[in-house]
Amino acid sequence: MDIQAFIDNVADQFDMLSVELTPETRFRDLDEWTSLTALLIITMIDDEYDIVLSPEEMRKTHTLQELYDIVASKQ
């Protein structure tokens with residue numbers, strides 16, 4: 001798993017994005033961020049990487065790099 005592939009998978013969970021995502025992107029600050037997006041990302045992580053991410057782990061993350069690091073640590 002590499003960070004860019006992970007970011008592409010995360011980007012697919014948004015309806016429409018007005019910015020390009022990077023590891024430093026603070027995804028909660030995006031205008032397109034919703035609680036539904038959070039659930040979609042948690043589901044995508046389970047489906048694509050076979051990793052169960054808890055809501056608490058999701059809440060602790062702010063950047064895509066932080067989210068990636070949690071997923072990578074569970075592989």
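Where does L21 lie? L21 is in the loop between α1 and α2, and the tour will come back to it after a look at the whole chain.

**Before selecting anything**

This is a predicted model, in which local features need pLDDT of at least 70, side-chain atom pairs count only at pLDDT 80 or more, and totals for chains, interfaces and linings use all residues. Residues are numbered from 1 along each chain as its sequence is written, and side-chain values use heavy atoms, with hydrogens and water left out.

**Stop 1: the whole protein**

Show the full chain as a cartoon. There are four helices and zero strands, in the order α-α-α-α along the sequence. Helices (H or I, at least four residues) and strands (E, at least two) are DSSP runs, numbered from the N terminus. The radius of gyration is 11 Å, close to the 11 Å that the globule rule gives for 75 residues, so the protein is as compact as a globular protein of that length. That radius is taken over C-alpha atoms, and the globule rule is 2.2 Å times the number of residues to the power 0.38. The C-alpha trace spans about 30 × 25 × 20 Å along its principal axes.

Colour by accessibility next: 40% of the 75 residues count as buried. Buried means under 20% relative accessible area, exposed over 50%, and partly exposed in between (1.4 Å probe, protein chains only). Of the contacts (heavy atoms within 4.5 Å) with a separation of 6 or more, 58% are between residues 24 or more positions apart.

**Stop 2: α1 against α2**

Select residues 3-11 for α1 and residues 35-49 for α2. These helices pack at an angle of about 130°, with their axes 10 Å apart. Axes are lines fitted to C-alpha atoms, for helices over the stretch in contact, and angles run from 0 to 180 degrees between N-to-C directions. The two helices are therefore oblique to each other. Angles under 35 degrees count as roughly parallel, over 145 as roughly antiparallel, 65 to 115 as roughly perpendicular and the rest as oblique.

Now show side chains. From α1, A5, F6, N9 and V10 meet I41, M44, I45, E48 and Y49 of α2. The residues of this contact divide into seven nonpolar, one polar and one charged. Ala, Val, Leu, Ile, Met, Phe, Trp, Tyr, Cys and Pro count as nonpolar, Asp, Glu, Lys and Arg as charged, and the others, Gly among them, as polar.

**Stop 3: the loop between α1 and α2**

Return to L21. Is L21 buried or exposed? L21 is buried, with a relative accessible area of 7%. Leaving aside neighbours within four places in sequence, L21 is in contact with I7, V10, A11, L30 and L64. Measure from L21 to D31, C-alpha to C-alpha: they are ten residues apart in sequence and 13 Å apart in space.

Select P23, in the same loop between α1 and α2. Not counting residues up to four places away in sequence, P23 touches I3, I7, T63, L64 and Q65.

Move on to T25, also found in the loop between α1 and α2. T25 counts as buried at 11% relative accessibility. Beyond four places in sequence, T25 is in contact with E20, L30, H62, T63 and L64.

**Stop 4: D50**

Finish in the loop between α2 and α3 (55-60), where D50 is found. D50 is exposed, with a relative accessible area of 67%. Its phi is positive, about 55°, although D50 is not a glycine. Most residues other than glycine have a negative phi. The C-alpha atoms of D50 and P23, 27 residues apart along the chain, are separated by 21 Å.
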